[in-house]
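Trainee: Please take me closely through the salt bridges of this model, and place them within the rest of the chain. I would like the cut-offs stated as you go.

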Amino acid sequence: MNARLRFAISVIVLGLLMTGPFVVTAALIWADAQPAEQALLIQLIVPHLSLGALMTIFGFIVGLLVIRHLFRQYVQGLLKMVENLHLMLSANRNFRVSPDGPPEIRLLAQATNDLAQQRDGLMDDVAAQIAAAKASVEEEKNRLAALMSELAQAVVVCNVDGRILLYNSRARLQFKALVQGAAVVAGGALIGLGRSIFSILERNQIDHALDVVRQRLGKGMATAMANFITTARGGQLLRVQLVPVLSSNAAAPREISGYVLTVENITRSLEQESQRDQVLQSLTDGSRGSLANIRVAVGNLLDYPDMDGDTRERFIGIISDEVVRMSQRLDQTMSEFADSLKTRWPLEDVLGVDVIAAAQRRIEQQLALTTKTEEVDEGLWLRVESFSLVFSICFLASRLIEHYQIKELRFRLLPFGKLAYLDLIWAGHAMSSETFYSWENDAMHVGRDASPLSLRDVVDRHGGEIWYDREKAAHRAFCRFVLPVATPDEAAQADALPVDGSRPEYYDFDLFHFRDQSIDLDRPLSDLAYTVFDTETTGLEPAAGDEIIQIGAVRIVNGRLLRQESFDQLVDPEKFLRPEGIRVHGITDDMVRGQPRIDAVLPAFHEFCSDTVLVAHNAAFDMRFLQLKEERSGVVFSQPVLDTLLLSGVLQPNQDSHQLDSIAERLGIDVTARHNALGDAYATGEVFLKMLPLLAQMGIVTLRQALAASEKTYFARVKY
């Protein structure tokens, strides 16, 4: 029996106690009285009946107020305390019951807090023992994850159902480059924990590779692996190597429990090889004709030594012309080969001082030239190919020694916005522009080391510039390299292990036992994958023309909030924003102009949240915006939706507020970036994860039960 029903029964009992004795007594007297006595009673009582009724009503009201006060102080107070106790037990162990209400309730609250303090001490001891026992295992897992994240190759580990349970940074970047169509919006990723690898690679090819591996394992081969080449969705060619992960079960030691995929995009290398083949074929075909003409001309000169002068000159001219053609053809081939070589250079983030140090060592060792530094920004990072850049610096130094006999070379490195100036400074004679231009376009060589590339090739490959200038006041000259500065790689910074030693979000070995991920209403909530999302809008009335201006979302897989697998996209609403809205969310007209429109963003978001349950706070508001754009965008969000606002009403119906900030405070969650779609999605995801054990305590363990309980709350009546 719930509290409201008990309160109603108490009110009814009060009314009966107030009127019941009077009515029963009057009925008994009336029944025993004679007619004359009854008439006398009517004559005596009726004039005073209104006064008696007023006194009865007044007494009933006073009694009702007393019951209501006691009900709020004791019944509702105790119910609220029960909800708070559940918070302490399951979601927020640091939460404490507020000692409010009558003295008895305050004493009970104080005793409860004392017990919670004792329990926390015991839990800390147990947690310390568990952490010590798990430390070695976690250390090995973190070492493996760190090793995988630093590999230069794309590596993905899957369970037998093709669900991704580990991937490294290279795989994330490589598969992101394969994204086509709508998924390009917001950097839509094809890869993520719990997602299917078959959305990227053909299932039949992986199944065939697994069959090959099983056959090799059956034959007792020590190294069982399979290789194949496949085509990604965007048409790129991928070379894949599959290595099995064998079961640790002693009963079936050769059974495959998963597999490791090493993936390499070979599209560009095949195109370059094809281009080089064409260049070599063209060189071969052209040279064959020229050599034939030269052979005939030389043969005639040898066979007829006494031929007349004009004929001899004609044959010599043929030989000369063919030699010129072959030389031009070789120069063209070398140029094309150099371009092909340039496209294969990997640019990397390098400290500028390291580049200078490497150049100094090589110049001093090979050229015996003294080097020094001046005005070097030691914290400046460059985006360069360090080998070719150092070789270019040494080439310039060798030319300066050869032509101007310089005695010392100085280095200067300074930032200039998004660029950096790397100067090679020397004292001595001035250089003509023609001389520097010739150096710039000559093939480089330093001693016995040579390169088919020119200084201009190296500079162009870096997207930079080089020029010569003089410092007339100091009687010095310098060559200046203009190079790109390495911008901070936020994704790479996020890949680093957290300082608290927690596991990175790029792997979850528990997913080895993860099976079918279809959305079944009767599956436990803990087994499902979720997409927690939020929107920022131009206003609060979707049906009146307000538009979405930002969508933020993050995935939950296996009970973990994967912050690095997120969706964050501004949307052009095709209308001006309201000043009052800008003060709330901080998004301005300039920020949304030029962003994708909603009909391009929603398909990308639909792909991001496919095969997951949607979660939002006050989801009816956000879903209404999505539903009104279904016809324009061509996508329908048909998956189940859970609302943390409704779930809060289920879990804590006696609390005063069910706003996201209030719920997060009760659950001990620190909310920082509010009124930002992605920040609100993070906060909602943390709240939802804290709610799952509380729902389980109430017997709400499946998706169907959670949806049914949500529909019974008062907030479920709100429509937009």
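Mentor: Asp 599 is partly exposed, with a relative accessible area of 33%, where partly exposed is the range between buried (under 20%) and exposed (over 50%), computed with a 1.4 Å probe and protein chains only. The model is a predicted one, in which local features need pLDDT of at least 70 and side-chain atom pairs count only at pLDDT 80 or more, while totals for chains, interfaces and linings use all residues. Residues are numbered from 1 along each chain as its sequence is written, and side-chain values use heavy atoms, with hydrogens and water left out.

Asp 599 forms a salt bridge with Arg 632, with 3.8 Å between their closest N and O atoms; the term requires a side-chain nitrogen of Lys or Arg within 4 Å of a carboxyl oxygen of Asp or Glu. This pair links distant parts of the chain, since Asp 599 belongs to helix α16 (residues 598–608) and Arg 632 to helix α18 (residues 630–633), 33 residues apart. Helices here are DSSP runs of H or I with at least four residues, strands are runs of E with at least two, and both are numbered from the N terminus. Arg 632 is also partly exposed, at a relative accessible area of 39%.

A network is formed elsewhere, where salt bridges that share partners join Lys 372, Glu 374, Glu 408, Arg 410, Arg 412, Asp 423, Glu 471, Arg 476 and Arg 480. The count of salt bridges comes to 29 by this rule.

Another of these pairs is formed by Glu 440 and Arg 456, whose side chains meet at 2.1 Å, N to O. Glu 440 lies in helix α11 (residues 433–441) and Arg 456 in helix α12 (residues 455–461), 16 residues apart, and the pair links distant parts of the chain. Both Glu 440 and Arg 456 are buried.

A salt bridge within one helix is that of Arg 214 and Asp 211, at 3.5 Å, N to O. The two residues lie in helix α6 (residues 203–218), 3 residues apart, which is about one turn of the helix. Arg 214 has a relative accessible area of 43% and is therefore partly exposed, and Asp 211, at 40%, counts as partly exposed as well.

A further charged side chain to examine is that of Asp 546, in the loop between β15 (530–537) and β16 (548–557). Asp 546 counts as buried because its relative accessibility is 4%. Its side chain reaches the backbone nitrogen of Glu 541 at 2.9 Å, and a polar contact of 3.1 Å joins the side chains of Asp 546 and Arg 578. A polar contact is a pair of N or O atoms within 3.5 Å; within protein, one atom must be able to donate a hydrogen and the other to accept it, and residues adjacent in sequence count only if both atoms are side-chain atoms. Leaving aside neighbours within four places in sequence, the residues in contact with Asp 546 (heavy atoms within 4.5 Å) include Thr 538, Lys 575 and Phe 625.

Asp 643 offers a comparable detail at the start of helix α19, where a side-chain oxygen of Asp 643 comes to within 2.9 Å of the backbone nitrogen of Leu 645. Helix α19 (residues 644–651) is largely enclosed by the rest of the structure, because 8 of its 8 residues are buried. Among them are Thr 644, Ser 648 and Gly 649.

As for the wider setting, the protein has 22 helices and 19 strands, and buried residues make up 42% of its 720 residues. Of the contacts with a separation of 6 or more, 69% come from residues 24 or more positions apart. The protein exposes about 38,700 Å², with 56% supplied by carbon and sulfur atoms; accessible areas come from the Shrake-Rupley method with a 1.4 Å probe, and for residues only the protein chains shown count as cover.
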